[in-house]
Amino acid sequence: QAPITQIDRYVVSLASMPGEEKVRLYFQDRPMNFQQLAEVLSQLKSFSRNTTVIIRADRGIDYETVLKVVNLAQSAGVASFLAVDPRENMQETRFDQ
């Protein structure tokens, strides 16, 4: 796996797939599980004191799953923000195309 590029803002996406109950987790568009995300987030703080994680979640993702990502970022000492799109016709995140 390629090393994480050093920048100040990163995106974690939580995607729901039609017909699947499992949430797909992506860091900078790279698929990973929660354990891998925790490891990556712990590395980010060493890049910059101002490192921020933006969390994007599809409409169908439950609040507890989003909070799990927020808590992982907080445990790693990385600031996190939720990105919300209030539009009713918002397209779901699709990484499988």
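Let's begin at a loop: Asp29 has a relative accessibility of 54%, so it counts as exposed, the cut-off being over 50%. Asp29 sits in the loop between β2 and β3, and its phi is near 70 degrees, a positive value in a residue other than glycine. Most residues other than glycine have a negative phi. Gln28 belongs to the loop between β2 and β3 as well. Gln28, which is not a glycine either, has a positive phi of about 50 degrees. Is Gln28 buried, partly exposed or exposed? Its relative accessibility is 34%, so Gln28 counts as partly exposed.

Before we walk outward from this loop, a word on what you are looking at. This is a predicted model, with an average pLDDT of 81 for the protein. Of the residues, 78% score at least 70. Confidence is highest in strand β3 (residues 30-32), at a mean of 96, and lowest in β5, at 81. Where pLDDT is low, the predicted coordinates should not be read in detail.

Now for the overall layout. The secondary structure comes to two helices and five strands, and from the N terminus the elements run β-β-β-α-β-α-β. How are the five strands ordered in the sheet? They form an open sheet in the order β3-β2-β1-β4-β5, with mixed pairing. The edge strands are β3 and β5, each of which pairs on one side only. From one strand to the next, the twist averages 30 degrees.

We can cross this sheet strand by strand, starting from the loop where we began. Strand β2 (residues 23-27) and β3 run antiparallel and are joined by three bridges; one bridge pair there is Phe27 with Arg30 in β3. On the other side of β2, five bridges connect it to β1, again in the antiparallel sense. Here Val12 has Phe27 in β2 as its bridge partner. β1 and β2 form a hairpin with six residues between them, and Gly19 in the turn has a positive phi of about 80 degrees.

The next step across the sheet brings a change of sense. Strand β1 (residues 9-16) pairs with strand β4 (residues 52-57) in the parallel sense, over six bridges. Val12 stands opposite Ile55 in β4, while Arg9 has Thr52 in β4 as its bridge partner. β4 then pairs with strand β5 (residues 79-83), also parallel, over five bridges. Val53 is matched there with Ser80 in β5. The path from β4 to β5 passes through helix α2 (residues 63-75), and the three elements make a right-handed β-α-β unit.

What about the other helix? Helix α1 (residues 34-44) packs on the sheet, where it touches β1, β2, β3 and β4. The direction of α1 makes about 25 degrees with that of β2.

These elements also come together through their side chains. In soluble globular proteins, nonpolar side chains tend to be buried together. The largest nonpolar core here has 20 residues, and Phe27, Leu37 and Leu41 touch the most other members. Which elements each supply at least two residues of this core? They are β1, β2, α1, β4 and α2, and α2 gives the most, with five residues. Leu37 is a good place to zoom in: leaving aside residues up to four places away in sequence, it touches Val12, Leu25, Phe27, Met32, Val69 and Leu72. Val12 and Phe27 in that list are the bridge partners we met between β1 and β2.

One more loop deserves a visit. Ala76 is placed in the loop between α2 and β5. With a relative accessible area of 16%, Ala76 counts as buried, because the cut-off is under 20%. Which residues does Ala76 touch, not counting those up to four places away in sequence? They are Leu41, Ser42 and Lys45. Ala76 and Lys45 are 31 residues apart in sequence, yet their C-alpha atoms are 7.2 Å apart in space.

Stepping back to the whole chain, buried residues make up 33% of the 97 residues. Among contacts with a separation of 6 or more, 68% come from residues 24 or more positions apart.

Terms used: Residues numbered from 1 in each chain as written. Heavy atoms only, no water. Pairing = 2+ DSSP bridges. Helix = DSSP H or I, 4+ residues; strand = E, 2+ residues; numbered from the N terminus. Right-handed = clockwise from strand over helix to strand, strands pointing away. pLDDT = per-residue confidence, 0-100. Axes fitted to C-alpha atoms, helices over the stretch in contact; angles between N-to-C directions. Contact = heavy atoms within 4.5 Å. Core = buried A, V, L, I, M, F, W, Y, C linked by side-chain atoms within 4.5 Å. Buried < 20%, exposed > 50% of the residue type's maximum accessible area, 1.4 Å probe, protein only.
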